[in-house]
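Student: I would like to understand how the labels on a structure are earned. Could we go through one together and set each value against its definition?

Tutor: Gladly; here it is.

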Amino acid sequence: MQQPELKSSASPAELLGDLHPLLEQLGSTEGMMTLADAAGLLKVPQVTTLENLVTFLNAYKSDMLLALELPSIEKAYHHACGNQTRELISLDRELGKMRIPADFASASQRIGRGQLRRLRPLRYERVAQRYLQAVEDTRAYGWHTLVYGMTLALYSVPVRQGLLNYARQTLSGFVHAAARLLRLSEKACRDLIESFCKDIPQRLETLLNSAPSSLRTV
């Protein structure tokens, strides 16, 4: 599957292109965690000012999004593309051994398992069915990031667009969650989202180029 070349002049929103509606549906984590819970998880002040919001977004982006979530999605995507169910389940269990706060783990598994069950009708997709069976047999946890990465592969969504969408969607969700409290205009929300997404394409190039050459999807 040939990935489109990323153009430095294109904004993150433009890079999503025609896949945006599909990606929104696949990557929805609505209701996963409140802004207050996420701030507590990241050990940053509760979001009561714009300065607090910027502090929170910086912490989430560096400590969760770039360090844990996007790499997990990328690995799950490649395992699914290669029909590597055992490796996917092993990755799932590796995440379970990490010191992930209980509230985040519970929310991630709730969202992931719900999305995974929606794939049950795809009976001929062996990776999805075996992963679902492993979760139901308590041999795997069903992390939402792994389900998302696997689903990108099932729907033949290019991994760059999928990763970019996840980053944009989660950051946007937090910004809009704070917008009413902070009385942010829609323009202010858009500007804030764009500022935090601006370097994501470059970060994705680093992530994808660090993958073993046998697993890269061009």
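Tutor: Let us start at Ser 156, which comes after H8 and has a positive phi, near 55°. Keep in mind that this is a predicted model.

Student: What makes H8 a mostly covered helix?

Tutor: The count does: 11 of its 11 residues are buried. The buried residues of H8 include His 144, Tyr 148, Gly 149 and Leu 154.

Student: Which residue in the loop between H7 and H8 has a positive phi, and is that residue buried or exposed?

Tutor: Thr 138 sits in that loop, between helix H7 (126-136) and H8. Its phi is near 60°, a positive value in a residue other than glycine. The relative accessibility of Thr 138 is 67%, and exposed means over 50%, so Thr 138 is called exposed.

Student: Why is Lys 43 called exposed?

Tutor: The reasoning is alike: Lys 43 has 75% relative accessibility against a cut-off of over 50%, and therefore counts as exposed. Lys 43 belongs to the loop between H3 and H4. Its phi is positive too, near 60°, in a residue other than glycine.

Student: And why is Ala 59 called buried?

Tutor: Ala 59 has a relative accessible area of 10%, and buried means under 20%, so the label fits. This residue lies in helix H4.

Student: What does Ala 59 touch, leaving out residues up to four places away in sequence?

Tutor: Its partners are Leu 42, Val 44 and Met 64. Take Leu 42: that residue is 17 residues from Ala 59 along the chain, and their C-alpha atoms are separated by 6.8 Å.

Student: How do you know that the length of H6 agrees with what a helix should span?

Tutor: H6 covers residues 102-117, which is 16 residues. At 1.5 Å a residue the expected span is 22 Å, and the end C-alpha atoms are 22 Å apart, so the two agree.

Student: Which residues of H6 are buried?

Tutor: They are Phe 104, Ala 105, Ala 107, Ser 108, Gln 109, Ile 111, Gly 112, Gln 115 and Leu 116. It helps to recall that residues three or four places apart on an α-helix point the same way, because there are 3.6 residues a turn.

Student: How many cavities of 30 Å³ or more are there, and what lines the largest?

Tutor: The count is two cavities. The largest holds about 70 Å³ of space. Its lining is made of Leu 68, Glu 69, Ser 72, Leu 95, Ile 100, Phe 104, Ser 108, Trp 143, His 144 and Thr 145. Helix H4 (50-81), H6 and helix H8 (144-154) are the elements that give two or more residues to it. H4 has the largest share, three residues. By type, the lining has five nonpolar, four polar and one charged.

Student: What is the volume of the second largest pocket, and which residues line that pocket?

Tutor: The volume is about 200 Å³. The lining residues are Leu 41, Leu 42, Lys 43, Asp 63, Met 64, Leu 68, Met 98, Arg 99, Ile 100 and Pro 101. Here helix H3 (35-42) and H4 are the elements that give two or more residues, and H4 gives the most, with three. The lining divides into seven nonpolar, no polar and three charged. We have met Lys 43 already, as an exposed loop residue.

Student: How many disulfides does a search of the whole structure find?

Tutor: The search finds zero. A disulfide calls for a pair of cysteine sulfur atoms within 2.5 Å.

Student: Why do Cys 81 and Cys 197 get their accessibility labels?

Tutor: Cys 81 has a relative accessible area of 40%, which lies between the 20% and 50% cut-offs, so Cys 81 is called partly exposed. Cys 197 is at 0%, under the 20% limit, and therefore counts as buried.

Student: What is the make-up of the chain in helices and strands?

Tutor: There are 11 helices and zero strands. Of the 218 residues of the chain, 49% count as buried. Among contacts between residues at least 6 apart in sequence, 75% join residues at least 24 apart.

Methods. Residues are numbered from 1 along each chain as its sequence is written. This is a predicted model: local features need pLDDT of at least 70, side-chain atom pairs count only at pLDDT 80 or more; totals for chains, interfaces and linings use all residues. Side-chain values use heavy atoms; hydrogens and water are left out. Helices (H or I, at least four residues) and strands (E, at least two) are DSSP runs, numbered from the N terminus. The expected span of a helix is 1.5 Å times one less than its number of residues. Buried means under 20% relative accessible area, exposed over 50%, partly exposed in between (1.4 Å probe, protein chains only). On a 1 Å grid over the protein atoms alone, a cavity is a set of points where a 1.4 Å probe fits but cannot get out, and a pocket is an open set with protein on both sides within 12 Å along at least five of seven lines; lining residues have an atom within 4 Å of a point. Grid points are joined across faces, edges and corners, and a volume is the space filled by probe spheres set on the points. Ala, Val, Leu, Ile, Met, Phe, Trp, Tyr, Cys and Pro count as nonpolar, Asp, Glu, Lys and Arg as charged, and the others, Gly among them, as polar. Contact means heavy atoms within 4.5 Å.
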